[in-house]
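Trainee: Could we go through this structure together? I want to know where its labels come from.

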Amino acid sequence: MFIGHYGVALAAKKIEPKLSLGWLFAASQFVDILWTMFVFAGIEHVEIEPGLMEASPMNFVSYPYTHSLLMSVVWGVLVYALVYALPIFKALRGTKAALIMGAVTLSHWFLDLPVHRPDMPLAFGDSTKVGFGLWNNMAATIALEVLLLLGGLWIYRRATKPDGKRGKYGISILCAVLIAVFTMTTVSQQPPPSGKAMAVTGFFMYLIICGFAAWLDTRRVAVKTE
Ligand SMILES: [Zn+2]
């Protein structure tokens with residue numbers, strides 16, 4: 001899954017508006033960002049097989065460190081601990097920020113579950129692999145991801161209000177660009193030259209998206225509820 005993860009991040013802003021959307025975006029894709037590094041380093045393996053599934057050519061040969069349920073829990077706890085302890089998050093002490101960042105990190109696995117083939121391990125070695133394979137259906141894949149993102153955006157826009165033009169349109173434009181790029185790349189099914197090339201592009205793309213989310217989010221202020 002790609003843009004659907006950001007829907008969870010956008011919705012989570014409602015629970016703790018002090019948290020930057022940039023951090024929430026990073027948490028929602030934390031294991032995929034790790035995955036790009038692990039693939040680049042040769043620790044995890046992906047093969048590009050055009051036509052493998054209607055909506056994805058990616059054969060995830062091995063990715064237990066980033067996409068097993070067991071390690072997803074570990075990464076969630078780690079992110080929780082980092083936000084709890086690191087000095088840069090000091091202003092968030094006493095809020096739900098650490099808990100939310102950990103939960104959003106863990107949510108990644110549960111959102112990948114419906115779309116991946118049954119190749120997501122529960123743990124290591126020969127452990128059971130799961131996945132409902134929605135990537136076999138292009139229309140359903142696009143519909144699910146777009147709906148998740150738009151649902152998150154709707155919650156985000158109700159939980160915060162704009163401070164100036166950037167705040168008014170910024171995040172909506174970012175989401176529109178994400179939907180356009182995601183839909184075009186999914187429909188075109190243009191395979192990347194290699195797994196490692198995709199990992200490098202993916203790494204920078206994830207960081208740039210987080211950067212934009214953080215920048216645009218600075219112009220949204222929390223709507224006070226009761
Ligand atoms: Zn993933």
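Mentor: We will take the helix pairs, then the metal site, then two single residues. Keep in mind that this is a predicted model.

Trainee: What makes α8 and α9 roughly antiparallel?

Mentor: Start with the angle. Helix α8 (residues 165-188) and helix α9 (residues 195-217) pack at about 160°. Angles over 145 degrees count as roughly antiparallel. Therefore α8 and α9 are roughly antiparallel to each other. Their axes are 9 Å apart, and the crossing of α8 and α9 is left-handed.

Trainee: Which residues make the contact?

Mentor: On the α8 side they are Arg166, Gly170, Ile171, Leu174 and Leu178. On the α9 side they are Ile209, Phe212, Ala213, Trp215, Leu216 and Asp217. By class, that is eight nonpolar, one polar and two charged.

Trainee: Why are α1 and α2 called oblique?

Mentor: The axes of helix α1 (residues 4-15) and helix α2 (residues 21-28) cross at roughly 140°. Roughly antiparallel needs an angle over 145, and roughly perpendicular covers 65 to 115. The value of roughly 140° fits neither class, so α1 and α2 are oblique to each other. The two axes come within 8 Å. α1 passes α2 in a right-handed crossing.

Trainee: What does each helix bring to that contact?

Mentor: α1 brings His5, Tyr6, Ala9, Leu10, Ala12 and Lys13. α2 brings Leu21, Leu24, Phe25 and Ser28. Seven of these residues are nonpolar, two are polar and one is charged.

Trainee: How do you know that α1 is roughly parallel to α7?

Mentor: The axes of α1 and helix α7 (residues 138-159) cross at roughly 20° and come within 7 Å. Angles under 35 degrees count as roughly parallel, so α1 is roughly parallel to α7. This crossing is left-handed. Residues of α1 that meet α7 include Gly4, Gly7 and Ala11. Among their partners in α7 are Leu148, Gly152 and Tyr156. The contact of α1 with α7 divides into nine nonpolar, three polar and three charged residues.

Trainee: Now the metal. What are the protein donors of the zinc ion?

Mentor: They are Asp32 (OD), His67 (NE2), His108 (NE2) and Asp112 (OD). They lie 2.1 to 2.2 Å from the zinc ion. The cut-off for a donor is 2.8 Å, and these distances fall within it. The spacing of the donor residues in sequence is D-x34-H-x40-H-x3-D. Histidine 67 in helix α4 (residues 64-67) and histidine 108 in helix α6 (residues 97-115) are 41 residues apart, and this pair links distant parts of the chain.

Trainee: Why is the arrangement around the zinc ion called irregular?

Mentor: The four donor atoms subtend angles of 83 to 170°. A tetrahedral site needs all angles between 85 and 135 degrees. The range of 83 to 170° goes outside those limits, and the arrangement is therefore irregular.

Trainee: What makes glutamine 189 worth a look?

Mentor: Most residues other than glycine have a negative phi. Glutamine 189 is not a glycine, yet its phi is positive, about 50°. This residue sits in the loop between α8 and α9.

Trainee: Where is isoleucine 48, and what is it in contact with?

Mentor: Isoleucine 48 is in strand β1 (residues 45-53). Leaving aside neighbours within four places in sequence, its contacts include Pro57, Met58, Pro191 and Met198. Isoleucine 48 and methionine 58 are 10 residues apart in sequence, with 5.0 Å from C-alpha to C-alpha.

How values were computed. Residues are numbered from 1 along each chain as its sequence is written. This is a predicted model: local features need pLDDT of at least 70, side-chain atom pairs count only at pLDDT 80 or more; totals for chains, interfaces and linings use all residues. Side-chain values use heavy atoms; hydrogens and water are left out. Axes are lines fitted to C-alpha atoms, for helices over the stretch in contact, and angles run from 0 to 180 degrees between N-to-C directions. Helices (H or I, at least four residues) and strands (E, at least two) are DSSP runs, numbered from the N terminus. A crossing is left-handed if the near helix is turned anticlockwise from the far one by less than a right angle, and right-handed if clockwise. Contact means heavy atoms within 4.5 Å. Ala, Val, Leu, Ile, Met, Phe, Trp, Tyr, Cys and Pro count as nonpolar, Asp, Glu, Lys and Arg as charged, and the others, Gly among them, as polar. Donors are N, O and S atoms within 2.8 Å of the metal (3.2 Å for Na, K and Ca); water is not among the atoms, so sites may look incomplete. Four donors count as tetrahedral if all angles lie between 85 and 135 degrees; four count as square planar and six as octahedral if opposite donors are over 155 degrees apart and all others between 65 and 115; anything else is irregular.
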